[in-house]
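The exercises below are meant to be worked with the sequence and the coordinates side by side. Please try each task before reading its solution.

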Amino acid sequence: MRFSEKLKPEDLQFLVVLGDGKYERRILRYILPKFDGRNVTLSIPSLPRGVMTAKKTGLAVLESLITLLNLRYSFNRVIFLVDREHISGMDEIDEWLKEHGCVIDSRVMLNSNKGAAIYHITHGDHEFELYVALAGRHKCIEEELFELAGRVYGKSFDKRRIKSPRFIKRLIEKAGAEDIKKCLRNLSIILQKIEEEYRDQRI
């Protein structure tokens, strides 16, 4: 899988919507090479002025998605990664989507802890898939990085170290694919599903 800062409708691309900006962006960028799917690109584009006027977290981040739909941007696949501390569960996402003009044609849970799901959604005349991953054991994705660091290095680290971009990069590069799948569980489930469905597809 590849990372891009441009959204090209003609490519087999997933628009990525993140709640914690640069931190989650780094993590996602570094783990993509651990997954197959050479034809798949995950895109975190620079959004037009006015789409995101302030830093948002949780479900409020999805407002940028609705704005892009209203501006007639073309995309068919979206990944939404959000920390558990900002959301009670998938039912809260259901309600938010419905309140913002989305029709949920289907929702498929991908694991027993209800932390990963695929939605098929219609908004006006636009249909798209929304892949959702809840990050963190109880609160946030940092918890998963702490667990990964423990597996890889056999010791614990303080919060400041876990936040370091250089440390995150080295940690993920050193980690095996199986450790990443066990620690960053819901995100990995989503990426594995994409890997399986789109590995051999071309536009």
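**Exercise 1.** Determine whether Q192 is buried, partly exposed or exposed, and describe its surroundings.

*Solution.* Step one is accessibility: Q192 has a relative accessible area of 24%, and since buried means under 20%, exposed over 50% and partly exposed in between (1.4 Å probe, protein chains only), Q192 is partly exposed. The model is a predicted one, in which local features need pLDDT of at least 70 and side-chain atom pairs count only at pLDDT 80 or more, whereas totals for chains, interfaces and linings use all residues. Residues are numbered from 1 along each chain as its sequence is written, and side-chain values use heavy atoms, with hydrogens and water left out.

Step two is location: Q192 belongs to helix α8, residues 185-198, where helices (H or I, at least four residues) and strands (E, at least two) are DSSP runs numbered from the N terminus. Step three is contacts, meaning heavy atoms within 4.5 Å: leaving aside residues up to four places away in sequence, Q192 touches F35 and K181.

**Exercise 2.** Check the length of helix α4 (residues 141-153) and find which face its buried residues line.

*Solution.* The expected span of a helix is 1.5 Å times one less than its number of residues, so the 13 residues of α4 should span 18 Å, and the end C-alpha atoms are indeed 18 Å apart. Next, list the buried positions of α4, which are I141, E142, E144, L145, L148, A149 and V152. Seen down the helix axis, these buried residues fall within an arc of 150 degrees (taken from the directions from the axis to the C-beta atoms), so they line one face of α4. Just after the helix, G154 takes a positive phi of about 70 degrees.

**Exercise 3.** Describe the environment of T122 in strand β6.

*Solution.* T122 lies in β6, which covers residues 116-123, and its relative accessibility of 17% makes T122 buried. Its side chain makes a polar contact with the side chain of D105 at 2.7 Å; such a contact is a pair of N or O atoms within 3.5 Å, where, within protein, one must be able to donate a hydrogen and the other to accept it, and residues adjacent in sequence count only if both atoms are side-chain atoms. Not counting residues up to four places away in sequence, T122 touches G101, C102, V103, D105 and E127.

**Exercise 4.** Explain why C140 forms no disulfide.

*Solution.* A disulfide is a pair of cysteine sulfur atoms within 2.5 Å. The closest cysteine sulfur to that of C140 is in C183, 14 Å away, and therefore too far for a bond; the structure holds zero disulfides.
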